[in-house]
Amino acid sequence: MSAGRLRVEWSPGSDTLTGICHCGARRTAQDPAEIWAWLLSHPDHPAPAALEGGVSLG
Ligand SMILES: [Zn+2]
């Protein structure tokens with residue numbers, strides 16, 4: 001698997017998970033499986049054009 005740099009963050013005090021793709025796209029959901037499925041579907045989610053240039057995650 002070539003997942004690249006993917007992150008899933010959990011917000012303490014809530015049931016919300018935030019998935020962050022290596023392309024800078026983000027998605028929030030309560031189901032970890034949904035987050036990972038979304039991350040691994042990388043070409044199918046749009047990269048945020050607004051974040052182009054000078055963005056470093058992690
Ligand atoms: Zn992506």
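Here is a short conversation about the predicted model shown above.

Reader: What makes L6, L17, C21, A25, A29, I35, W38 and L39 a nonpolar core?

Author: A nonpolar core is a set of buried residues of kinds such as Leu, Cys, Ala, Ile and Trp, joined through side-chain atoms within 4.5 Å. These eight residues form the largest such set here, so each of them is under 20% relative accessible area. Helix α1, residues 32-40, gives the most to this core, with three residues. As a general background, nonpolar side chains tend to be buried together in soluble globular proteins.

Reader: Which residues does L6 touch, leaving aside its neighbours within four places in sequence?

Author: L6 is in contact with I20, C21, H22, W36, L39 and L40. We call these contacts because heavy atoms lie within 4.5 Å.

Reader: Why is the pattern of the protein written β-β-β-α?

Author: The protein has one helix and three strands. Reading along the sequence gives β-β-β-α, where β stands for a strand and α for a helix.

Reader: How much of the protein counts as buried?

Author: Of its 58 residues, 22% do. The cut-off is under 20% relative accessible area.

Reader: How do you know how confident the predictor is?

Author: Look at pLDDT, which runs from 0 to 100. The protein averages 84, and 76% of the residues score at least 70. Among the elements, strand β1 (residues 7-10) has the lowest mean, 94, and strand β2 (residues 17-20) the highest, 96. Where pLDDT is low, the predicted coordinates should not be read in detail.

Notes. Residues numbered from 1 in each chain as written. Predicted model: local features only at pLDDT ≥ 70, side-chain atom pairs only at ≥ 80, totals over all residues. Heavy atoms only, no water. Buried < 20%, exposed > 50% of the residue type's maximum accessible area, 1.4 Å probe, protein only. Helix = DSSP H or I, 4+ residues; strand = E, 2+ residues; numbered from the N terminus.
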